[in-house]
Amino acid sequence: MSDRVVVMEITRLEAAHLAGLVDQFAELLRDSAPEDGDPALERLVPSAYSDDDDAAKEFRALTQSDLLDRRAADAADVLASLQEAAVIPEDPEDPALLEQVEIRLDPAAARAWLRTLAAVRLVLATRLGVVEEDDHDATDPRFGIYDWIGYRLDGLVNALDTDD
């Protein structure tokens with residue numbers, strides 16, 4: 001990953017929606033206990049040992065809290081970088097709602113965004129029952145947010161991979 005700043009253009013409305021999603025994700029991390037057995041959290045902390053259940057449980061017990069704390073810190077960084085962009089006018093007819101704003105991401109912020117968008121997408125995939133690519137139904141409106149997060153994630157990956 002390069003050391004350059006990535007500039008993301010996003011509308012205020014998109015920024016507000018994204019901030020809401022990331023805030024819900026942070027709330028999930030904050031309010032869920034490891035013993036809850038939430039499939040979304042389990043997907044965020046994959047098994048280290050697929051062939052040894054006892055070793056997998058022990059490894060998860062030792063690492064899950066730290067990993068989820070790092071995910072929460074990343075989410076907080078994303079929310080901080082969205083703060084100004086997510087301010088929307090009170091009047092829903094105000095054209096500023098669809099105004100493009102720039103979010104400048106230094107390398108550390110870009111990494112936090114990558115990890116957070118990927119994690120939010122995993123949570124959405126779990127909630128939607130997406131395990132295999134075939135589980136995605138592009139005609140089902142429930143997949144709109146899932147696809148949009150994927151679009152934003154893909155754009156960020158491409159921006160970071162560009163050599164110019």
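Start your tour by selecting Leu-128, which sits in helix H4 (helices are DSSP runs of H or I with at least four residues, strands are E runs of at least two, and both are numbered from the N terminus). You're looking at a predicted model, where local features need pLDDT of at least 70, side-chain atom pairs count only at pLDDT 80 or more, and totals for chains, interfaces and linings use all residues. Residues are numbered from 1 along each chain as its sequence is written, and side-chain values use heavy atoms, with hydrogens and water left out.

Still on Leu-128, add Phe-143: the two are 15 residues apart along the chain, and their C-alpha atoms are separated by 7.7 Å. Leaving aside neighbours within four places in sequence, Leu-128 is in contact (heavy atoms within 4.5 Å) with Arg-142, Phe-143 and Tyr-146.

Now zoom out and colour by secondary structure. You should find five helices and two strands, running β-α-α-α-β-α-α from the N terminus. The C-alpha trace spans about 55 × 40 × 30 Å along its principal axes. Of the contacts with a separation of 6 or more, 76% come from residues 24 or more positions apart.

Switch on a surface next. The accessible surface comes to about 10100 Å², and 50% of that belongs to carbon and sulfur atoms (Shrake-Rupley method, 1.4 Å probe; for residues, only the protein chains shown count as cover). Of the 164 residues, 37% count as buried, meaning under 20% relative accessible area with a 1.4 Å probe and protein chains only.

Hide the surface and go inside. Which residues of the largest nonpolar core touch the most other members? Pick Leu-18, Leu-44, Trp-113 and Leu-156, out of 43 residues in that core. A nonpolar core here is a set of buried Ala, Val, Leu, Ile, Met, Phe, Trp, Tyr and Cys residues joined through side-chain atoms within 4.5 Å. The elements giving two or more residues to this core are S1 (6-11), H1 (12-31), H2 (39-44), H3 (53-82), S2 (100-105), H4 (107-128) and H5 (144-161). H4 gives the most, with ten residues.

Stay on Leu-44 for a moment. Beyond its neighbours within four places in sequence, Leu-44 is in contact with Phe-25, Leu-29, Leu-67, Leu-68, Arg-71, Ala-119, Leu-122 and Val-123.

Select H3 now. This helix bends by about 45° at Thr-63 (the angle between axes fitted to the seven residues ending there and the seven starting there). Its buried residues include Gln-64, Leu-68, Arg-71, Asp-74, Ala-75 and Val-78, and the buried residues of H3 pack against H1, H2, S2 and H4.

Click on Val-78 in H3. Why does Val-78 count as buried? Because its relative accessibility is 1%. Outside the four places either side in sequence, Val-78 is in contact with Val-22, Ala-112, Trp-113 and Thr-116.

Follow that last contact to Thr-116, in H4. Thr-116 is buried too, with a relative accessible area of 1%. With neighbours within four places in sequence left aside, Thr-116 is in contact with Val-22, Phe-25, Asp-74, Ala-75 and Val-78.

For the last stop, select Thr-11 in strand S1. Is Thr-11 buried or exposed? Buried, because its relative accessibility is 11%. Show Leu-97, Leu-98, Glu-99 and Gln-100 as well: Thr-11 is in contact with these four, neighbours within four places in sequence aside.

Methods: Buried < 20%, exposed > 50% of the residue type's maximum accessible area, 1.4 Å probe, protein only.
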